[in-house]
Amino acid sequence: MPPVTEAVARRALLRFVASRCCYGRRAAGEMAIRRLRHLGTYRYRLETFSESRLSEWVFEPFTKPGAAGSPRDAPLDPWDVEVGAPPLFQGQTRRCRVPRSALVRDCHRCHGHGRSKCGVCHGAGRTRCVTCKGSRRRPKQQKRCQLCSGTGRKRCNTCSGRGSKTCATCQGEKKLQHFKQLVITWKNNVFEFVSEHHLNFPGKLLSKVSGENIFKDENVVVYPIIDFPDPEISLASQRAIAEHSAAFATSSRILRQRQTIELIPITEVHYQYSGKPYLYYIYGLENEVYALDYPERCCCGCTIV
């Protein structure tokens, strides 16, 4: 990667200062850069694209009498159902029926009648008048209540006076079709490790930037990296593969794995302003800046990273 020049370093700091409401531009414009120290660190990433399946019983109103009955054959095993996978390393959840699992039964809510007792009038078809509250006369008057014609009760609006309403479970069809629903989850599981850089620099910032890809290995199953120049990366590769194998080998299926190594550039910029030495860092291909002791700033509660 081409090293960061003084011009690039100054532009990066000016852009950083402009994004902070209480940072002044003068120091960034007038500073004297004394030294550029080009460094870097490695980021290892293992991606395991896995698929998991589970089945659950669900039901729906049965609207096609004679179209289904008790299955003749046992339903398929969840892993025997053919379902096309999404693009590699892209998570997704999909639901589908398990073939030969349908069973038709009377609705358990209405017991096969298609209607259920109205919960407002409790099957009576009439409710207490809201105007006279069942007293048959208008409040504070001796006149007969006109809304209920002096009966103290009126027709239930919920069931239109029938005392029952269409069963919400079977939607009036009287029967339900139960079937096994297959829930398939594809997930891209990521293990990430950044090697130690031994700088006065928060390592968490490196997870937000990109680096130069220097190694890529993709296969159904990948193997640990051996003898990488940075031993931490080799150890991280061994640990990541072992953890993913243990986590997904029994409960899921591993469809594909991919491991990569990126070199994340870090430039340590030493500069002088008003006779005093200062330091800031430029990191990632995006040339982000971390300036802990920028000389021209006021304290008003804003962040500095």
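In the predicted model, the residues F201, Y281, Y283 and Y290 come together as one aromatic cluster. Within this cluster, the geometry of one pair can be described in detail: the ring centres of F201 and Y281 lie 5.3 Å apart and the ring planes meet at 75°, and because planes over 60 degrees apart count as edge-to-face, the pair is assigned to that class. F201 is found in the loop between β8 (175-194) and β9 (212-219), whereas Y281 belongs to strand β11 (residues 276-283), so the contact between the two rings ties together parts of the chain that are 80 residues apart in sequence. Both partners fall under the 20% limit of relative accessible area that marks a buried residue, since the value is 6% for F201 and 3% for Y281.

Across the structure as a whole, 10 aromatic pairs are present. Another of these is formed by F16 and Y23, whose ring centres are separated by 5.7 Å and whose planes stand at 85° to each other, so that this pair, too, is edge-to-face. F16 is buried, and Y23 is likewise buried.

Aromatic rings in the model also take part in contacts with charged side chains. The charged end of R258 is placed over the ring of F89, at 4.0 Å from the ring centre, and the charged end of R239 is placed over the ring of F193, where the distance to the ring centre is 5.8 Å.

Definitions and conventions
Residues are numbered from 1 along each chain as its sequence is written. This is a predicted model: local features need pLDDT of at least 70, side-chain atom pairs count only at pLDDT 80 or more; totals for chains, interfaces and linings use all residues. Side-chain values use heavy atoms; hydrogens and water are left out. Rings of Phe, Tyr and Trp (its six-membered ring) pair if their centres lie within 6.5 Å; planes under 30 degrees apart count as stacked, over 60 as edge-to-face and the rest as tilted. Buried means under 20% relative accessible area, exposed over 50%, partly exposed in between (1.4 Å probe, protein chains only). Helices (H or I, at least four residues) and strands (E, at least two) are DSSP runs, numbered from the N terminus. A charge sits over a ring if NZ of Lys or CZ of Arg is within 6 Å of the ring centre and within 35 degrees of the ring normal.
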